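Hello,

Here is the structure for you to look through. My notes on what was found follow below it.

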Amino acid sequence: MAISVSPIPGLPDHVNDVRRRTADFINNEILPRETELFVSRRGTTVTDEMKTAASAAREEVRQKVKAAGLWAPHLPAEYGGMGLDFLAHAYMNEILAYALGAASLFGVVAPNSGNQKILLKYGTEEQKRQWLLPLVEGTLQSGFSMTEPDVAGSDPRALRATATKDGDEWVLNGHKWFTSNGLEADFFIVMARAVEGDEEKGRMSQFIVPTDTPGVEIVRGIGIWGHHQSDHCEVKYTNVRIPAENILGHVGQGHEAAQERLGAGRVFHCMNSVGQMWRAFDLMVERSLSREVHGGLLKDQQMIQGFIADSYIDLQTARLLTIRAAEMIDRGDPRARTEISALKVYVPAAFHRVVDRAIQVWGAAGVSNDLPLAQMYLGARTLRLADGPDEVHRILIAKNIIHHYETGESWDFAT
Ligand SMILES: Cc1cc2nc3c(=O)[nH]c(=O)nc-3n(C[C@H](O)[C@H](O)[C@H](O)COP(=O)(O)OP(=O)(O)OC[C@H]3O[C@@H](n4cnc5c(N)ncnc54)[C@H](O)[C@@H]3O)c2cc1C
């Protein structure tokens, strides 16, 4: 199996070049070694020797990625990245996602990559030196700690965690959960209300909190999808004292920074979903060409042809919606917010449908660990919650559209 890529007419040469080079790398260096590189995913007995060999193989591939000039597409060149523009990065994501998990071999690992972006934009020179550089080099790990169990994560204004100014320190108190990468992280970027003086409510701000600070308690790695433990952690912060300079950006800038992190992230995640949809689609169609049922091939059964046609429509619609949003962001169009919400609702659901049909075509093998489909299926479902649930994005789309009608502002649907 290989991803097939040809130049897209009208795209800038550098974008087509990145697409081609990424596809060559995925086809030659990753797809033939998927089982070896990601051995733990296969669900067979995995010995310590196999894990050590997989880790060494992944490191070897990372070095090749660097040598091929494909490392860290989200970072500028001075931080060791490719310095890609937004559009090129989005197109690259579609291709590297064809191999499930390959992004990590290209230096793009959530939540580290999102944290790198906000440190780049909001960090002081000292914060960049202390936290960003080691994060890029891989000597530090991080998490993003915003969602709380006691209030709605989809309404960030409801957040209760506080950071109270005490002399030249902030004192953090709060209860978070689903802080991804929590078991590995050396520091968290924590969203809390900064309370200064006799302020009551405080203003939403972000703080860099080393995980070994007294008062930071990793309660558990929350079990998800039937697994006993994940690295999405419940974390309690009790009288956690951090230096005043650990605030990221200004007091009150936390919401803006979080939206910035999530907005671009949604486009990249959806382009990743599109890449995985291509993989599921290829698997489905190729299986239908060879699997015999009731004296004929699956491809000749009309219900299966319906799966293929509907999946093609889902895929192309998801892809065009995502590229359209990426193009709007690239040219700085403020209306991109509506488009980002539209793709955030549409793409995970379309991804879910396509993988569901691919699993059906494969029968029992579809849910086995021999294929990447089961993992894609869970990932697609999770995406309907993470980065904001569907309903919140639907509300935002409707609000923006209604606003245009009410104010009589021009609304060019074809833009
Ligand atoms: C695998 C995974 C990883 C995650 N990683 C992180 C992370 O690293 N850091 C972090 O901070 N968070 C993380 N999250 C949390 C995620 O951002 C939240 O789950 C999400 O924002 C939704 O918040 P909630 O779970 O509190 O749901 P709630 O806000 O309680 O919403 C529950 C449901 O209510 C409905 N709803 C909400 N608002 C409305 C409305 N206005 N109208 C109608 N219906 C509505 C929706 O159906 C929604 O699904 C992660 C979540 C998952 C599943």
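**Strand β5 and its surroundings**

Strand β4 (residues 187-195) and β5 run antiparallel and are joined by 8 bridges. Strands here are DSSP runs of E with at least two residues, helices are runs of H or I with at least four, and both are numbered from the N terminus. Two strands pair if DSSP finds at least two bridges between them. Ile189 has Ile208 in β5 as its bridge partner.

This is a predicted model: local features need pLDDT of at least 70, side-chain atom pairs count only at pLDDT 80 or more, and totals for chains, interfaces and linings use all residues. Residues are numbered from 1 along each chain as its sequence is written.

On β5, 2 bridges lead to strand β8 (residues 247-248), again antiparallel. There, Phe207 is partnered with Ile247 in β8. Strand β5 (residues 203-210) is largely enclosed by the rest of the structure, because 6 of its 8 residues are buried (20 or more other C-beta atoms within 10 Å of a residue's own, with C-beta atoms placed from the backbone).

Phe207 also appears in the largest nonpolar core, which has 106 residues; Leu172 and Phe207 have the most contacts inside it. Such a core is a set of buried Ala, Val, Leu, Ile, Met, Phe, Trp, Tyr and Cys residues joined through C-beta atoms within 7 Å. Leu172 touches several residues, among them Val190, Phe207 and Val209, leaving out those up to four places away in sequence; touching means C-beta atoms, placed from the backbone, within 7 Å.

Regards

Methods. Buried ≥ 20, exposed ≤ 12 C-beta atoms within 10 Å, placed from the backbone. Contact = placed C-beta atoms within 7 Å.
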